[in-house]
Amino acid sequence: QVQLVESGGGLVQAGGSLRLSCAASGTIFSINVMGWYRQAPGKQRELVATITRDSSTNYVDSVKGRFTISRDNAKSTVYLQMNSLKPEDTAVYYCYAEVRLRLFTSPLDYWGQGTQVTVSS
């Protein structure tokens, strides 16, 4: 089975920084896409950033210029460097991975348990 282990969440003041990490473990053939989603109270979960195996990235407009996603393929780990944090960034952040368990099988979506990021004003 595949497990995504997250770390790095916490409480920071506006303008501060946090770095989230997420490591995938288990029997994995390949990981196509890794990324981060977030969900604030009463709101729908939204995509924050994704990164492909060849390091192509996508960001939601609200975090462009402030957040940077990166990936270490050897460690099966994705990172999210969050700078210039704003109170509206407060949410539970979820790690995501699109994983193929075996060659010639369809990819499956896996999610971390979520880590709380709170930004005070």
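User: How much of this protein counts as buried, and what makes a residue buried here?

Analyst: Of the 121 residues in this predicted model, 38% count as buried. The label applies when the relative accessible area is under 20%. As for the surface, the protein exposes about 6,600 Å², and 47% of that comes from carbon and sulfur atoms.

User: What makes up the secondary structure?

Analyst: There are eleven strands and zero helices. Reading from the N terminus, the order of elements is β-β-β-β-β-β-β-β-β-β-β.

User: How do you know whether the protein is as compact as a globular protein of its length?

Analyst: Set the radius of gyration against the globule rule. The protein comes out at 14 Å, close to the 14 Å that the rule gives for 121 residues, so it is as compact as a globular protein of that length. For the outline, the C-alpha atoms fill a box of roughly 50 × 25 × 25 Å along the principal axes. As for contacts with a separation of 6 or more, 55% are between residues 24 or more positions apart.

User: Which residues have the most contacts inside the largest nonpolar core, and what makes it a nonpolar core?

Analyst: The core has 28 residues, and those with the most contacts inside it are Trp36, Val48, Phe67, Val78, Leu80, Met82 and Tyr93. Its members have to be buried residues of the nonpolar kinds, joined through side-chain atoms within 4.5 Å, and that is why the set is called a nonpolar core. The elements giving two or more residues to it are β3 (18-25), β4, β5 (46-52), β7 (67-72), β8 (77-82), β9 (91-100) and β11 (115-120). Strand β9 gives the most, with five residues. In soluble globular proteins, nonpolar side chains tend to be buried together.

User: Why is Leu85 called buried or exposed, given its place in a loop?

Analyst: Leu85 lies in the loop between β8 and β9. Its relative accessible area is 2%, which is under the 20% cut-off, so Leu85 is buried. Among the residues it touches beyond four places in sequence are Val12, Gly16, Phe67 and Val119. One of those, Gly16, is 69 residues away along the chain, with the two C-alpha atoms separated by 5.5 Å.

User: Val12 is on that list too. How do you know whether Val12 is buried or exposed?

Analyst: Val12 has a relative accessible area of 13%; that falls under 20%, so the residue is buried. Its place is in strand β2 (residues 10-13). Apart from residues up to four places away, Val12 touches Ser17, Leu18, Leu85, Thr118, Val119 and Ser120. Its C-alpha atom is 14 Å from that of Val92, a residue 80 positions away in sequence.

User: What about the polar residues: why do Ser30 and Thr50 get the labels they have?

Analyst: Ser30 has 14% relative accessibility, under the 20% limit, and therefore counts as buried. Its place is in strand β4 (residues 30-39), and beyond its sequence neighbours within four places it is in contact with Glu98, Val99 and Arg100. Thr50 has a relative accessible area of 12%, under that 20% limit, and is therefore buried. Thr50 sits in strand β5, where its contacts outside four places in sequence include Val33, Met34, Gly35 and Ile69. The C-alpha atoms of Thr50 and Gly35 are separated by 4.0 Å, with their positions 15 residues apart along the chain.

User: What makes the phi of Ser76 worth a look?

Analyst: Ser76 has a positive phi of about 50° although it is not a glycine. Most residues other than glycine have a negative phi. Ser76 is found in the loop between β7 and β8. Its 21% relative accessibility is not under 20% and not over 50%, so Ser76 counts as partly exposed.

User: And why is Phe104 called buried or exposed?

Analyst: The relative accessible area of Phe104 is 74%, over the 50% cut-off, so Phe104 is exposed. It is found in the loop between β9 and β10 (108-111). Phe104 also has a positive phi, near 70°, in a residue other than glycine.

User: How many side chains are positive and how many negative, and how far apart do the centres of the two sets lie?

Analyst: There are 12 positive and 9 negative side chains, with the centres of the two sets 3 Å apart.

Note on methods: Residues numbered from 1 in each chain as written. Heavy atoms only, no water. Helix = DSSP H or I, 4+ residues; strand = E, 2+ residues; numbered from the N terminus. Rg over C-alpha atoms; globule rule 2.2 N^0.38 Å. Buried < 20%, exposed > 50% of the residue type's maximum accessible area, 1.4 Å probe, protein only. Contact = heavy atoms within 4.5 Å. Areas by Shrake-Rupley, 256 points an atom, 1.4 Å probe, with all protein chains shown as cover. Lys, Arg positive; Asp, Glu negative; His and termini not counted. Charge placed at Lys NZ, Arg CZ, Asp CG, Glu CD.
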